Amino acid sequence: MNSSTAQIPAGKGRIFSGIQPTGNLHLGNYLGAIRNWVALQHDFESIYCIVDLHAITVQQDPAQLRKSTREVAASLIASGISTEQSILFTQSCVPQHSELAWVFNCVTRLGWLNRMTQFKEKAGKNRENASVGLYSYPILMAADILTYKATHVPVGEDQKQHLELTRDIAQAFNSIYKKDVFPLPKPQIFGAATRVMSLRDGGVKMSKSDVSDNSRINLTDNPDIIMQKIRKAKTDPDALPSEIAGLSGRLEASNLIGIYAALADCRVEDVLFDFGGRGFGDFKPVLADLAVAKLSPIGDEMRYLLKNPDDIDSILTRGAEKASNIARPILAEVRDIVGFLGLSTDQMIKLNQDH
Ligand code: TYM
């Protein structure tokens, strides 16, 4: 077991995580989440989901959504997600997510959702015009995780509040129905870059929705573009410090050093030991070479995989079948507990299998 997986007792966890198919995956997704997904899959039962239901909480072009879904699947496989070891599938293919989300809608308190900072950021000033789906987005996240009774959720720092809500929802359900049905899933936020910041502004998160493409490194960027984006990355005029304390208040410097440490799989202290006293003119080319070495093979492999979209579709179909096999009995249990009259659990499982 490597150091990144040491936080979960072996054999004791089921991992679930998700990613939106809303455009290019970027370095933040890779360092904050995907790399950890790859590391964890060897030791734990891992379920990774492309969350197309979440994507439509803001308007999407249907053809583009289909394209992005395949691209994200290809990026994940190219990054090292093994479709033998892990389950990889699209959210909308397993209807139990939506069904559990409705049950959780009826358990979650409005006040809990009102605290969600990501809704406030995404809805912006025109909150009245945001979709109800965007507002209840974190409830669907809780349903994603608990449809599989997952115990551990590897994510970037920005998802922490949503995972706290997931725990509150699980606890509320267990307490309302007086049954220990759901585990309280633990966030797995680790690595040197749990919150990768924009290359243009060290105060904002690197994100797919930033209007400036220079703010992020996409997993599809070719080596020249990666080099150019790092060369243009905002910095300050001072030399790099030798100690972590010297990074205080230097957002852009901290971000680039964190990215280097994560890509090189070393500690921030080690990077500062090597580069302390040197300027960005020395540091940026080394960082750019490292980023190209780590990321461009992923882009190449992704482009190769996308030449056979049918293969990607079959992988996702197989993944959806495996995911459904876990989800169906859990939702049958939930229906019984909630008190829905209808078919028995066994009949319901059979009905779902037959169709
Ligand atoms: P999404 O698609 O925005 O991001 C996918 C993953 O990438 C991480 N991430 C980052 N990490 C570090 N620095 C950044 N700049 C950065 N930007 C993104 C995110 O933390 C995330 O882990 N709501 C989720 C998807 C989701 C989900 C779930 C996650 C739906 N259901 C259930 C976990 C469990 C999202 O929008 O991720």
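## The ligand and its pocket

The residues that line the largest pocket divide into 17 nonpolar, 17 polar and nine charged. This is a predicted model, and the space that the ligand takes up in it is that largest pocket. The points below describe the pocket itself, then the residues around the ligand, and then individual polar contacts.

**The pocket**
- The largest pocket has a volume of about 1100 Å³, and its lining is made up of 43 residues, among which Gln20, Lys122, Asp158, Gln159 and Lys205 lie nearest the centre.
- At least two residues of this lining come from each of β1, α1, α2 (52-55), α6 (117-123) and α7.

**The shell around the ligand**
- The ligand is surrounded by 27 residues, and the closest of them are Tyr137, Asp144, Gly156, Asp158 and Val196.
- Sorted by class, this shell holds eleven nonpolar, eleven polar and five charged residues.

**Polar contacts and cover**
- On the side-chain side, a nitrogen atom of the ligand lies 2.7 Å from an N or O atom in the side chain of Asp144, a residue that is also listed among the closest to the ligand.
- Two contacts involve the protein backbone: an oxygen atom of the ligand is 2.9 Å from a polar backbone atom of Gln20, while a nitrogen atom of the ligand is 3.1 Å from a polar backbone atom of Gly28.
- On its own the ligand has 710 Å² of accessible area, and the protein covers 96% of this area.
- The elements that contribute two or more residues to the shell around the ligand are β1 (14-19), α1 (27-40) and α7 (132-146).

Notes
Residues are numbered from 1 along each chain as its sequence is written. This is a predicted model: local features need pLDDT of at least 70, side-chain atom pairs count only at pLDDT 80 or more; totals for chains, interfaces and linings use all residues. Side-chain values use heavy atoms; hydrogens and water are left out. A residue is near a molecule or strand if one of its heavy atoms lies within 4 Å of it. A polar contact is a pair of N or O atoms within 3.5 Å; within protein, one must be able to donate a hydrogen and the other to accept it, and residues adjacent in sequence count only if both atoms are side-chain atoms. Accessible areas come from the Shrake-Rupley method with a 1.4 Å probe; for residues, only the protein chains shown count as cover. On a 1 Å grid over the protein atoms alone, a cavity is a set of points where a 1.4 Å probe fits but cannot get out, and a pocket is an open set with protein on both sides within 12 Å along at least five of seven lines; lining residues have an atom within 4 Å of a point. A molecule sits in a cavity or pocket if more than half of its atoms lie within 2 Å of its grid points. Helices (H or I, at least four residues) and strands (E, at least two) are DSSP runs, numbered from the N terminus. Ala, Val, Leu, Ile, Met, Phe, Trp, Tyr, Cys and Pro count as nonpolar, Asp, Glu, Lys and Arg as charged, and the others, Gly among them, as polar. Grid points are joined across faces, edges and corners, and a volume is the space filled by probe spheres set on the points.
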